Amino acid sequence: PIWWEVGTTTTPPPGVQVVAFSFSPTETATVTGADLALSAYQASTPLTVYVESSVGGAPGTILDTLTQAGSYGTYPVTDVVNFTCSGSCSTLDAGMTYWLVAQQTDPANTSYWLYSFGDTGAWYYDETDTATGPWTAATAGDNFSAFDVTGNASTVSAVPEPGSMALLGSGLVVVGFLEARRRAWLAKGGDRDRFEL
């Protein structure tokens, strides 16, 4: 397997690396979590994963913090690990760009975030162990790491279609007409209990 490193880099240049990969939701949804394919270099320690906005094509403000819910083994063991969002989680808009950012909770350790061979593009890294940069753009066309982001589709209020609005409007006209006839009937001294159409 091939991977990107999160935490202390085992290959040059030296540093404590945080990595960021972009994604774009296919539908508007509230974040519930993410799944990452991980392996540990020596000791397995949790990662912290963030969902960030996109500013100028790079990671921006932290929107949500995702907490690791499972564990992963030491290389060559690879596990798909779930990260969950709890509390007030962001609603992400379909078609917009966001970033999934991974940071090692123990900077002395290294986690391998395995490649997704079907997804490539520009990604970012920071070797100062901060989840908000400064970011360095990696080579365009590189393999992304393997992940997916999960969410609950947002409930959108239904907008009445024109036919429904026309039907409602004609119903209100009829009710208004009947009320006008009733008032005219009463004004002429008609019997309140016996209104004729």
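## The disulfide

Cys85 and Cys89 are both buried, and in this predicted model they are joined to each other by a disulfide with an S to S distance of 2.1 Å. The structure holds 1 disulfide, and because the torsion about the S-S bond of Cys85 and Cys89 is about -115°, this disulfide is left-handed.

## The largest pocket

Rolling a probe the size of a water molecule over the atoms shows where empty space is left. The largest pocket found in this structure has a volume of about 350 Å³. Its lining is made up of 20 residues, and those closest to the centre of the pocket are Phe23, Ser24, Pro25, Thr26 and Val149. By residue type, the lining of the largest pocket divides into 9 nonpolar, 8 polar and 3 charged residues.

Which strands each supply at least two residues of this lining? They are β2 (16–23), β3 (29–40), β12 (143–145) and β13 (147–153), and of the whole lining the largest share, 7 residues, comes from β13. Strand β13 also holds Asn152, which touches Ala29, Thr30 and Thr32 when residues up to four places away in sequence are not counted. Asn152 and Glu27 are 125 residues apart in sequence, yet from C-alpha to C-alpha they are 9.5 Å apart in space.

## Strand β2 and its partners

Strand β2, which has already appeared as a contributor to the lining of the largest pocket, is mostly covered, with 8 of its 8 residues buried. The covering applies to both faces of the strand: Val16, Val18, Ala20 and Ser22 are buried on one side, and Gln17, Val19, Phe21 and Phe23 are buried on the other. One of these residues, Phe23, is also listed among the residues closest to the centre of the largest pocket.

With which strands does β2 run antiparallel, and through how many bridges? Strands β1 and β2 pair in the antiparallel sense over 2 bridges, and Val16 in β2 is the bridge partner of Thr8. Strand β10 (residues 124–126) also runs antiparallel to β2, the two being joined by 3 bridges, and here Ala20 has Tyr124 in β10 as its bridge partner. A further 5 bridges join β2 to strand β8 (residues 98–104), again in an antiparallel arrangement, and the bridge partner of Val19 in β8 is Ala102.

## The second largest pocket and Thr9

The second largest pocket has a volume of about 180 Å³. The residues that line this pocket are Trp3, Trp4, Glu5, Thr9, Thr11, Pro12, Pro13, Gln17, Trp123, Tyr125 and Glu127, and they divide into 6 nonpolar, 3 polar and 2 charged residues. Strand β1 (residues 3–8) gives the most to this lining, with 3 residues.

Thr9, one of the lining residues of the second largest pocket, is found in the loop between β1 and β2. Is Thr9 buried or exposed? Its relative accessible area is 13%, which is under the 20% limit, and so Thr9 counts as buried. Leaving aside neighbours within four places in sequence, Thr9 is in contact with Pro14, Gly15, Gln17 and Glu127; of these contacts, Gln17 and Glu127 also appear in the lining of the second largest pocket.

## Backbone features in the loops

Most residues other than glycine have a negative phi, and most peptide bonds are trans. Against that background, where are cis peptide bonds found in this model? One joins Tyr75 and Pro76, with an omega of about 15°, and Pro76 lies in the loop between β5 (58–68) and β6 (79–84). Another cis peptide bond joins Gly133 and Pro134, with an omega of about 20°, and Pro134 is found in the loop between β10 and β11 (136–137).

The loop between β10 and β11 also contains Asp129, a residue that has a positive phi of about 60° although it is not a glycine. Because its relative accessibility is 21%, Asp129 counts as partly exposed, whereas Thr9, in the loop between β1 and β2, is buried at 13%.

Key
Residues numbered from 1 in each chain as written. Predicted model: local features only at pLDDT ≥ 70, side-chain atom pairs only at ≥ 80, totals over all residues. Heavy atoms only, no water. 1 Å grid on protein atoms, 1.4 Å probe; cavity = no way out; pocket = protein on both sides within 12 Å on 5 of 7 lines; lining within 4 Å. Points joined across faces, edges and corners; volume = space filled by probe spheres on them. Helix = DSSP H or I, 4+ residues; strand = E, 2+ residues; numbered from the N terminus. Nonpolar A, V, L, I, M, F, W, Y, C, P; charged D, E, K, R; others polar. Buried < 20%, exposed > 50% of the residue type's maximum accessible area, 1.4 Å probe, protein only. Contact = heavy atoms within 4.5 Å. Pairing = 2+ DSSP bridges. Disulfide = S-S within 2.5 Å.
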